[in-house]
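Trainee: Please give me a close look at a single part of this structure, starting from one pairing and working outwards to its surroundings.

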Amino acid sequence: MSQTDYRAAKDELILVGGAGGFIGGALVRHFVDLGYTRIRAVDKKPVEMWYQHLPEAESLCLDLSDEENCIKACKDATEVYNLAADMGGMGFIERFRVECLRSILINTHLIEAANKAGARRYFYASSACAYNTDLQKDPEVRALKESDAYPAMAERGYGWEKLLSEMFCEEYWAERKMMTFIARFHNVYGPWGTWDGGREKAPAALCRKVIEAKDSGKHEIEIWGDGAQTRSFMYIDDCIKGIDMITHCDDLIATPINLGSSELVSINELVSIAEGCGGVTLERSYKLDAPRGVAGRNSDNTMIQDILAWQPDTTLRDGIGKTYPWIEEQYVGRKAGKRVVTDVPL
Ligand code: NAD
């Protein structure tokens, strides 16, 4: 295992971009829990709309696709984490490719500003959508290893933006010697994530649909695609631990690495797990013309195991077991008239 002992001092400034979102919010909490005293949390959403808003962090509402804002955000930062992007589940990224592509502006300006500010480490949140889609046409997919991104045939829009931003990170190291770190996330889920509104991903959407079915008394569930498509899903705590380990490992400088679970399940199996949490069995219908993404996708974790002697290891059953009650609480809260995580302020 080659993880370095390097850590920023507790009073050095850490910047988290996209801190009002799911993973960025959890990362801010992680650094607060570790005792960091100067955390700058930035998102383009007004602070009242952030999923987690922690008083210990300096919270700024800034659009990071703007160069001047990136310069402001990076001032005095030792470490910069870019979790900001316009993104969502398949329903969003298949429909809004322009929005997804425009996230290129965020990384382009943020990495330059981080470099000019003298930041020592820069983390970029890439995605399994950067992988060649030709390798993902079968539900019995071979797990994707890091070299499978090239020859490139990424997911249109979102995936190409990720691939190009990865390249920026690689070249900032090659030409300018800024240490950059790149993780390709595979489907992250958990509490404090998007669960409604159109940007939610399959685990949260299916938990919500089970909750809605129970609540309405109509014991039916609509599934996007034929349910046979396969994926792996990573619990948020594993994602945060992985981001931290990757960003502090010198063997991973400018080297894209998978950060995902290797527990492959079909969407039908995911539905069964969500039904198990709700204690119901529902009548399933399949919406075959809905966005469904590639047929199969899994994470090959050989590299992360070799280098960090670890891989995301929360089982899907355990992770959904923690996520389902959180979404149920949100659902019940909204019905009772409370504003919940994905709502806009009144
Ligand atoms: P999220 O949508 O919850 O959070 C992203 C945040 O970025 C949002 O709060 C949004 O307001 C903010 N943002 C968007 N444009 C911005 C801008 N111009 N300036 C400042 N902030 C801006 O998404 P997430 O799930 O937390 O994803 C975080 C990162 O991880 C993204 O880069 C995403 O592409 C990547 N990723 C996530 C997953 C997943 O399963 N959640 C999978 C692969 C990759």
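**A strand and its surroundings**

Mentor: Seven bridges join β5 to strand β6 (residues 179–185), and the two pair in the parallel sense. Two strands are taken to pair if DSSP finds at least two bridges between them. Strands (E, at least two residues) and helices (H or I, at least four residues) are DSSP runs, numbered from the N terminus. The model is a predicted one, in which local features need pLDDT of at least 70 and side-chain atom pairs count only at pLDDT 80 or more, while totals for chains, interfaces and linings use all residues. Residues are numbered from 1 along each chain as its sequence is written, and side-chain values use heavy atoms, with hydrogens and water left out.

Within the pairing of β5 with β6, S126 stands opposite R184 of β6. From β5 the chain passes through helix α6 (residues 158–176) to β6, a β-α-β crossover that is right-handed: with the strands pointing away from the viewer, the path from the first strand over the helix to the second runs clockwise. The loop between β5 and α6 contains P151, and the peptide bond joining Y150 and P151 is cis, with omega about 0°.

Strand β4 (residues 77–82) also runs parallel to β5, and four bridges join them. Here R121 of β5 is the bridge partner of E79, and F123 of β5 that of Y81.

Strand β5 spans residues 121–127, and seven of its seven residues are buried, that is, under 20% relative accessible area (exposed is over 50%, partly exposed in between; 1.4 Å probe, protein chains only). Both faces are covered: one carries R121, F123, A125 and S127, the other Y122, Y124 and S126.

These pairings belong to an open sheet of seven strands with parallel pairing, in the order β3-β2-β1-β4-β5-β6-β11. Its edge strands, β3 (58–61) and β11 (257–259), each pair on one side only. Neighbouring strands of the sheet are turned by 20° against each other on average, direction ignored. Such angles run from 0 to 180 degrees between N-to-C directions, and axes are lines fitted to C-alpha atoms, for helices over the stretch in contact.

Helix α5 packs on this sheet, touching β1, β4, β5 and β6, and its direction makes about 170° with that of β4. Helix α2 (residues 67–74) lies across β1 (13–17), β2 (39–43) and β4, running at about 160° to β2.

Helix α5 (residues 104–117) also packs against α6, with axes that come within 9 Å and cross at roughly 15°. The two helices therefore count as roughly parallel, because angles under 35 degrees are classed in this way, over 145 as roughly antiparallel, 65 to 115 as roughly perpendicular and the rest as oblique. The crossing of α5 past α6 is right-handed, meaning that the near helix is turned clockwise from the far one by less than a right angle (anticlockwise would be left-handed). On the α5 side the contacts involve I104, N107, T108, I111, E112 and N115, which meet E161, L164, S165, F168, C169, Y172 and R176 in α6; contact means heavy atoms within 4.5 Å.

Finally, the approach to the edge strand β11 has a notable residue: A254 lies in the loop between α8 (236–247) and β11. Phi of A254 is near 55°, a positive value in a residue other than glycine, and A254 counts as buried because its relative accessibility is 14%.
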